[in-house]
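Visitor: Please take one part of this model and look at it closely. I would like to see how that part sits within the rest of the fold.

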Amino acid sequence: MFSVIIPTIWTPPIDKIDDLINKLITCQNIKEIILINNNPLKYSFRYTDYKVRELRYNNIYVNQSWNVGVYQSNSDLLCIMNDDINFNLDIFEFIKNSFNNNYNIGIIGVSKSCYSLDQDQEYQLEKIQIRNKGWGCLMFIRKELYTWIPNDLKIHFGDDYLIKQLQDKVYRINGLKIDSIISTSINSDPEFNKIIEQDNINSLKYELPWSSDY
């Protein structure tokens, strides 16, 4: 079973987030949903189902939210996702079986084509060396292979960093239709832009990005 880790500052419409969480709760392949609440003044403890565990912070940003969520998780298989996506949950069964049948698979993201599909197609995994745009919006990883993302990378480059640590075990999903709401909160907030600028500087010492479509 999976631990699902979702950082949020509640930017998407709340009904979309509610739909996502309530949908995940029904999935038999999900053991727990760890919600990293980075804006607790807006919403706190909104979900009462036993599967949902909410951790509240005064915004530790995306990459450290992933780190904390992984550290707090109780499953060997992890799913790290954005709070603004929707997809068919039968992918969890496919990913679980893929991990069980091929131990060379360490981390899985999504293909860029997944965002333009009209409907699901046959699910396939493709081994890659560098990621595509949108790869890190939905990731699956073996917990034992997760590497703590450095504290000086806050918003960007977390997925690139994980890929670089697992160069021979990186895959992407093809065939999964993903609906996503593109958030504009980062672009409209000067504080976020400053952090991203610093991320860009800090990424150089880690030789990132690890991408062909950044």
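Guide: F2, F87, F92 and F140 form one aromatic cluster. The model is a predicted one, and this cluster is a good place to enter it.

Start with the ring pair F92 and F140. Their centres are 5.5 Å apart and their planes stand at 80 degrees, so the pair is edge-to-face. F92 belongs to helix α3 and F140 to strand β8, so the contact ties together parts that are 48 residues apart in sequence. F92 counts as buried because its relative accessibility is 0%, under the 20% cut-off. F140 is buried too, with a relative accessible area of 0%.

What does F92 touch, leaving out residues up to four places away in sequence? The list is F2, V4, L24, C27, N29, I30, C79, M81, F87 and F140. Several of these names return in the core. The largest nonpolar core has 36 residues, and those touching the most other members are L24, M81, F87, F92, L138 and F140. At least two residues each come from β1, α1 (14-25), β2, β4, α3 (91-101), β6, β8 and β9. Helix α1 gives the most, with five residues. A second core is separate; it has 26 residues, including I128, L166, V170 and L208.

Stay with α1 for a moment. L20 is found in this helix. Its relative accessible area is 4%, so L20 is buried. Beyond its neighbours within four places in sequence, L20 is in contact with I6, M81, N82, D83 and I85. R142 is another matter: L20 and R142 are 23 Å apart, C-alpha to C-alpha, and 122 residues apart in sequence.

Now the sheet. Eight strands make an open sheet with mixed pairing, in the order β3-β2-β1-β4-β8-β6-β9-β7. Its edge strands are β3 (52-56) and β7 (124-127), each paired on one side only. From one strand to the next, the twist averages 25 degrees. Helix α2 (residues 61-72) packs on this sheet. The helix touches β1 (2-8), β2 (30-37), β3, β4 and β8, and its direction makes about 150 degrees with that of β1.

Two pairings in the sheet deserve a closer look. Strand β4 (residues 77-81) and strand β8 (residues 138-142) run antiparallel, paired over five bridges. Within that pairing, M81 has L138 in β8 as its bridge partner. Both residues are among those that touch the most other members of the largest core. Strands β1 and β2 run parallel, joined by seven bridges. Here I6 has L35 in β2 as its bridge partner.

How enclosed is β1? Seven of its seven residues are buried, so the strand is largely enclosed by the rest of the structure. In a regular strand, side chains alternate between the two faces of the sheet. In β1 both faces are covered. F2, V4, I6 and T8 are buried on one side, and S3, I5 and P7 are buried on the other. F2, a member of the aromatic cluster, is thus on the face with V4, I6 and T8.

Helix α4 (residues 158-165) is mostly covered, with seven of its eight residues buried. The buried ones are G158, D159, D160, Y161, L162, I163 and K164. They pack against α2, β6 (107-110), β8 and β9 (170-174). Strand β8 is therefore a shared neighbour: α2 touches it, and the buried residues of α4 pack on it.

Back to the rings. The structure holds nine aromatic pairs. Another edge-to-face pair is F94 with Y123, at 5.6 Å centre to centre and 65 degrees between the planes. F94 lies in helix α3 and Y123 in the loop between β6 and β7, 29 residues apart. F94 counts as partly exposed because its relative accessibility is 23%, whereas buried needs under 20%. Y123, with a relative accessible area of 15%, is buried. One more ring has a charge for company: the charged end of R46 sits over the ring of Y43, 4.9 Å from its centre.

Methods: Residues numbered from 1 in each chain as written. Predicted model: local features only at pLDDT ≥ 70, side-chain atom pairs only at ≥ 80, totals over all residues. Heavy atoms only, no water. Pairing = 2+ DSSP bridges. Helix = DSSP H or I, 4+ residues; strand = E, 2+ residues; numbered from the N terminus. Axes fitted to C-alpha atoms, helices over the stretch in contact; angles between N-to-C directions. Contact = heavy atoms within 4.5 Å. Buried < 20%, exposed > 50% of the residue type's maximum accessible area, 1.4 Å probe, protein only. Core = buried A, V, L, I, M, F, W, Y, C linked by side-chain atoms within 4.5 Å. Phe/Tyr/Trp six-rings, centres within 6.5 Å; stacked < 30°, edge-to-face > 60°. Lys NZ or Arg CZ within 6 Å of the ring centre and 35° of its normal.
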